[in-house]
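Q: I am new to this structure and would like to go through it step by step. Could we begin with the place where the chains meet?

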Amino acid sequence: MSSTVEAPPGGPLRRRERRNAYWLKDRLSGYVFIAPQFIGFLIFLGIPIVLVFWYSLFDWNILRGTAPFVGFDNYTRMAQDPLAWQVLRNTFAFSLGLVPLNLGLALLLAVLVDQKLPGTTVFRTLFFAPVVVSLVAWAVVWEFLLQADGGINSFLSLIGADGPNWLRSTTWAMPSLVVVQVFKNVGLNMILFLAALQGVPSEIQEAARVDGAGPFQIFRRITLPMIAPMVMLVSIITVIGSFQVFATIAVMTGGGPGNSTNVLVYYVYQQAFRRFEAGYASTGAVLLFVIVMILTVIQWKLRKRWVFHEQS
Amino acid sequence: MVAASEARRRLNWARAALYLVIVLLLVPFVFPLWWMVTSSLKTAAEVFAFPPVLWPTDPQWSNFARVFELQPFALQYFNSVYIAVLVTAGVLLISSMAGYAFARVRFPGASVLFLVLLGGLLVPREVIIIPLFQMMNQAGWIDTHVPLVLIPMFGAQSVFGTFLMRQFFLGLPKELEEAGRVDGLGRFGIFFRIAMPLATPALAALTIITFLQTWDMFLEPLVFLSTPERFTLPLALTQFADAYGGPIWNVQLAATTLMTFPVLLVFVLAQRQFIQGIAQTGLKG
């Protein structure tokens, strides 16, 4: 029993005072509860974001140890840097390849494991398994599979096909990375779509069937519109996630061959920690930050416009 | 009668076709793991043999011993485990406290502070790695595990956790806590004695996702660490090379198997918790 409870109640005034004291203390406790998170957030996320803008205004080379203030020179330099443009094109090419493939395959897999068939739980588990495998481990295994004389090509030879040296080819390296990344993460989107599919009332589909609609028509006209909010949400996550391919690229190609798989996240690392151009690399980081922000805003607007029957 | 059996036969065909499609689609998900395990047991000659060797004739268990000879692998394993455990424990505490306060305690500025936190989730880690490196350098923490613990514990992972725990506590009936208040418990008492025990499902999901994400961390170890004895597993996996810098695939894949196998085992044993937990938290970005 704490002292506040033991104390005999005074008049109504005393009681209100005590209540006010309780709520004041309660408010304070709110700040105490969020303090570790918020202070930590400021140190490890908030301040670094501000700093990266600041760094981008300096010609800071880590090896030389000099950092003269140069204003927006790094930005004009980047605008004239053909490599930066190539990296930007690669970044968007990667996303444009990954997002439709990932969403399409996720939807297909979700529909397949949603069928009332024996064994679908096992299939679901197997499709999901790569999600829990470490990305670096997954990339190492696929790097091995995609060697010139690796597993993929020797199986292709068995059926008489001649595979390229996937990761050393400027044509094939990028598509290979897209595919590897899709197989790694598509299981997650499959599960999210599956949850949405199972939320569609079967009566509606049944009614359409009675009215003579075929399975594809039912899927297109009824199921798909009903899971539209989830599709939108998943595509937002997937688009933003499509920029986070650092480990895959660092392990499998190192941005090569000839920078054909060098994307923004890798470029920032490369400029800062391989070329030691920390100021110029910060400019790339700012660019990455701005792109992600713009995409988020665009998608948020689209989500409001396209998804009418969203429940929240 | 005839029509019914005709329909059944057609259904069976449809089923068989469906199974075939699923099995074909499974290949790129399952085969790499099979290839990883079997190749880790092959001789150097079998690794790139043609026709491909599906199961090594004489499993080379010595490849696994070589992993520990080429790298301080046991130590690296320990590093990865202890960092992931430490980060997970920290995130559970930090995120559930903050998430609880944002869901339950009414204090001025709460919604603005929460929005500011959420904004942090959109920031790719590569954006802030340069300032973080500089900060850690000034603190003298380069080539230590301090950045690998602090950055996820307070950065994106705990912010995500705060978001998740807030969602959970918003859905928890308030009446349960009222009882505690009547009994004279303050906020801390209510949080630790009532809210936290009820949050077990959300905490389990957060544990899984935080552990896996820390376990997978690659950019930070790559940037901050230089001594092999301090490496974590993802970084260690990329270090297997012979004297000429060429890859030693079978040994590297043995190391990869050692890193992957325990996680896959836990996943298979607790797949429902994994799938639900990660799907629920799948909006991790």
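A: Certainly. Please note that this is a predicted model. The contact takes 81 residues from chain A and 77 residues from chain B.

Q: Which helix of chain A gives the most to the side that touches chain B?

A: That is helix 2, which spans residues 12–55 of chain A and supplies 20 residues to the side touching chain B.

Q: And how many nonpolar, polar and charged residues are on that side of chain A?

A: The side of chain A that touches chain B has 61 nonpolar residues, 17 polar residues and three charged residues.

Q: Changing topic, how many helices and strands are there in chain A?

A: Chain A has 14 helices and zero strands. Why is chain A described as more spread out than a compact globule? Its radius of gyration is 27 Å, while the globule rule gives 20 Å for 312 residues, so chain A is more spread out than a compact globule.

Q: What box do the C-alpha atoms of chain A fill?

A: Taken along the principal axes, the box is roughly 95 × 75 × 40 Å.

Q: What share of chain A is buried?

A: Buried residues account for 40% of the 312 residues in chain A.

Q: Which residues touch the most other members of the largest nonpolar core?

A: They are A:Ala139, A:Phe193, A:Phe246 and A:Val265, in a core of 164 residues. Helix 8 of chain A, residues 173–198, gives the most to this core, with 14 residues.

Q: What does A:Val265 touch?

A: Leaving aside residues up to four places away in sequence, A:Val265 touches A:Phe243, A:Gln244, A:Val245, A:Phe246 and A:Leu288. From chain B, B:Pro124 and B:Glu126 also touch A:Val265.

Q: Now to helix packing. At what angle do helix 4 and helix 11 of chain A pack?

A: Helix 4 (residues 82–113) and helix 11 (residues 228–241) of chain A pack at about 145°, and their axes are 10 Å apart.

Q: Is their crossing left-handed or right-handed?

A: The crossing of helix 4 and helix 11 of chain A is right-handed.

Q: Which residues meet there?

A: Helix 4 of chain A brings A:Ser95, A:Val99, A:Asn102 and A:Leu103, which meet A:Val234, A:Ser235, A:Thr238 and A:Val239 of helix 11 of chain A. By class, the residues of this contact are four nonpolar, four polar and no charged.

Q: One last point: what share of contacts in chain A comes from residues 24 or more positions apart?

A: Among the contacts in chain A with a separation of 6 or more, such residues account for 68%.

Technical notes: Residues numbered from 1 in each chain as written. Chains lettered and ligands numbered in written order. Predicted model: local features only at pLDDT ≥ 70, side-chain atom pairs only at ≥ 80, totals over all residues. Axes fitted to C-alpha atoms, helices over the stretch in contact; angles between N-to-C directions. Helix = DSSP H or I, 4+ residues; strand = E, 2+ residues; numbered from the N terminus. Left-handed = near helix turned anticlockwise from the far one by under 90°. Contact = placed C-beta atoms within 7 Å. Nonpolar A, V, L, I, M, F, W, Y, C, P; charged D, E, K, R; others polar. Rg over C-alpha atoms; globule rule 2.2 N^0.38 Å. Buried ≥ 20, exposed ≤ 12 C-beta atoms within 10 Å, placed from the backbone. Core = buried A, V, L, I, M, F, W, Y, C linked by C-beta atoms within 7 Å.
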